[in-house]
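Visitor: I have the sequence and the structure open. Please take me through how some of the helices pack, one step at a time.

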Amino acid sequence: MKKDVVGFQKMLHLFQLPCHCSSIQMFLHWGNETRGLCHLSTSYGPTTAAFKEPPERPLSVTMGIKAALPKYEIYFYNTVLCLAMFWAASWIFEVSSSSANRKTFKTSVKPGWYYFGRRMDTADVEWMMWFSTFREHILFALSGHVLFAKICSMLAPQYRSLVYMVYGLLSVWTSMGWTYITLILSHCILLYSISLVKIRWLCFVTGLCTLATFKCEPFVSWQAGFVEGDFDLRHVLFYGGCGFTIMRCMSFALENCEKKDGNYNILELIKYNFYLPFFYFGPIMTFDKFYIQVNRLDLTRKEGEMWNISLHGMTHLGVVIIVDVLFHFMYILTIPTDMKLLKHLSDWALVGLAYFNLVYDWVKAAVMFGVINTVARLDHLDPPKPPKCITLLYVFAETHFDRGINEWLCKYVYNYLGGKHENVVEELVATLCTFGVTILWLGPCKVVLVWAFFNCFGLNFELWVAKLFSMEPFASFEMAMSEATSRRIRAVFNTFNFWSIVLYNILALNSLDFAKLVAKRLLLKGFPITTTIVMFVTYCLIQVIKERERRQALIDDPDPLPPAPPPNTITGPTSAAAAPAAAQPVTDPSKEKAE
């Protein structure tokens, strides 16, 4: 069980909760401040994500998201939020400093940078692998890819996809051996052969069965024997490369089923799968997008695009340095593993640990995918956008850590089965199937099953609430309120939703025991003082998020200017006398110019 949990935690950042439910989105995102309205989605797209144009917002929705509060109230919310963050961080810093020499910390808290003279939290193997242990190897491989890709783009841009494929094959061969290449190619050939039949359900079932061979014995051990050598990255690279290969092959097969004229060439599948920046760690681009972008011959860039790419790269470097510095002062990853210590912590320290763990996991996903996306943008690709910050999430319909997996699941499972996402039964079937694929992707175990159940329930519960509050008398009650009052009431409900998201996800990022302890302190032992204070601070956070959304809505959809007042109409003899004068045209050009 521990091995399954560790593997799940390593892979969790690769997945997001998928949903693009229009009813949920309208009620809980656009309609969070709306009057009279009722994976996993993002706020960047409508029901069908990036595959259709977004629908026009109803007038009430546009008005609701722009509902404003007094400035002094917003300033108060920001002040309370900042003070609470510093207060929680001070508790964690105090615990980290006083517990640095505990026996349970020896394996993960190790000597850090010489300049600080403090120990450093190294509990996250993935972060240390990327930015410490194997930093040089990863930089060397990605730098070589960028160099050869740039040379090919300058000399023979029509062959750049072949260069990507050859370099990817050679890199995988060097790191994992030719037998691993053979294993990957065998899966590609299998799914390509099935795709020629052009039966969608057969391609899907074959892909899921192939994916299942990496989750159960004796198939896992047999396939793991194809990897040559024994090194620290062997386990991570094996499962990452194989898992993403199956997902990419399924995308290719399903797109080939949709192709009306003929079939895609198997060479296109190999090019798609062995693009090195995406091969081991993702993110996933669906085959239709990758095929169009990688075969584009016009490689001219927009003005300022290179500066933008460079700025993103420097930002990611700065974030890596900041996170490493914070690991010297706050052991947010090691403390949750010591249950004896956790039981003696204050309520503020526990709540802060839960929140900061989610924020860190988002930062890790944003930085790791950001580095890969920077390389992909240098190759003239448009990779999936980074995840939305966990601090800005208060609905299940927007919770995600990897937009690539989100788009894959939404396109091939969730939207395909859910239709318009308005029927409760269809929505339930769509979410159950989506989370079923997710459980198989992450590997079935107790933590995964509990995590999937609660998130699936939360996603459907939002739709049920949206349906309920769209009925009478709730709609009339809200119409009678002012927009500011409606926004405040909705923020109260969003506060409880926010902590549901936090609790449902920390059980996967940390452990089930840690999630139980936080919930017990927050809702039972800490009631009513801790519960009230934490919920009030969270309410302030929700209002700050809503204010940010309001300002963004004013930028994206500015209010129309009021119509100009009609000219004053003069009645009486004056107007009668002015009428003939106005009727006489000015015939002299010089006089007209003078006037």
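**Helix packing**

Guide: In this predicted model, Tyr180, Leu183, Ile184, His187, Cys188, Leu191, Tyr192 and Ser195 of helix H8 meet a set of residues in helix H11 that includes Leu237, Gly241, Thr245, Cys249 and Asn256.

Visitor: At what angle do H8 and H11 pack, and how does that angle class them?

Guide: The axes of H8 (residues 178-195) and H11 (residues 234-258) are 9 Å apart, at an angle of about 20 degrees. Angles under 35 degrees count as roughly parallel. The crossing is right-handed. By its angle, therefore, the pair is roughly parallel.

Visitor: Which elements cover the buried residues of H8?

Guide: H8 has 18 residues and spans 26 Å from its first C-alpha to its last, close to the 26 Å expected. Its buried residues include Thr179, Ile181 and Ile194, along with Tyr180 and Leu183. The cover over the buried residues of H8 includes helices H7 (160-176), H9 (200-212), H10 (219-224), H11, H12 and H13 (276-279).

Visitor: Which residues of H12 does H11 meet?

Guide: H11 and H12 (residues 266-273) pack at about 145 degrees, with their axes 10 Å apart. Their crossing is right-handed. From H11, the residues in contact are Thr245, Arg248, Cys249, Ser251 and Phe252. Their partners in H12 are Leu269, Tyr272 and Asn273.

Visitor: Over what arc do the buried residues of H15 lie around the axis?

Guide: Helix H15 (residues 305-326) has 22 residues and reaches 32 Å between its end C-alpha atoms, close to the 32 Å expected. Its buried residues are Ile309, His316, Val320, Val323 and Asp324. They sit on the same side of H15, because the arc they cover around the axis is only 105 degrees.

Visitor: Which residues are exposed on the other side of H15, and what do the buried ones pack against?

Guide: Trp307, Met314 and Ile322 are exposed on the other side of H15. The buried residues of H15 pack against strand E2 (119-121), helix H5 (125-133) and helix H17 (347-378).

Visitor: Phe369 is in H17. Is Phe369 buried or exposed?

Guide: Buried means under 20% relative accessible area. Phe369 has 3% relative accessibility, so Phe369 counts as buried.

Visitor: How far apart in space are Phe369 and Pro283?

Guide: In sequence, Phe369 and Pro283 are 86 residues apart. In space, C-alpha to C-alpha, the distance between Phe369 and Pro283 is 6.7 Å.

Methods: Residues numbered from 1 in each chain as written. Predicted model: local features only at pLDDT ≥ 70, side-chain atom pairs only at ≥ 80, totals over all residues. Heavy atoms only, no water. Helix = DSSP H or I, 4+ residues; strand = E, 2+ residues; numbered from the N terminus. Expected span 1.5 Å × (residues − 1). Buried < 20%, exposed > 50% of the residue type's maximum accessible area, 1.4 Å probe, protein only. Arc of directions from axis to C-beta. Contact = heavy atoms within 4.5 Å. Axes fitted to C-alpha atoms, helices over the stretch in contact; angles between N-to-C directions. Parallel < 35°, antiparallel > 145°, perpendicular 65-115°, else oblique. Left-handed = near helix turned anticlockwise from the far one by under 90°.
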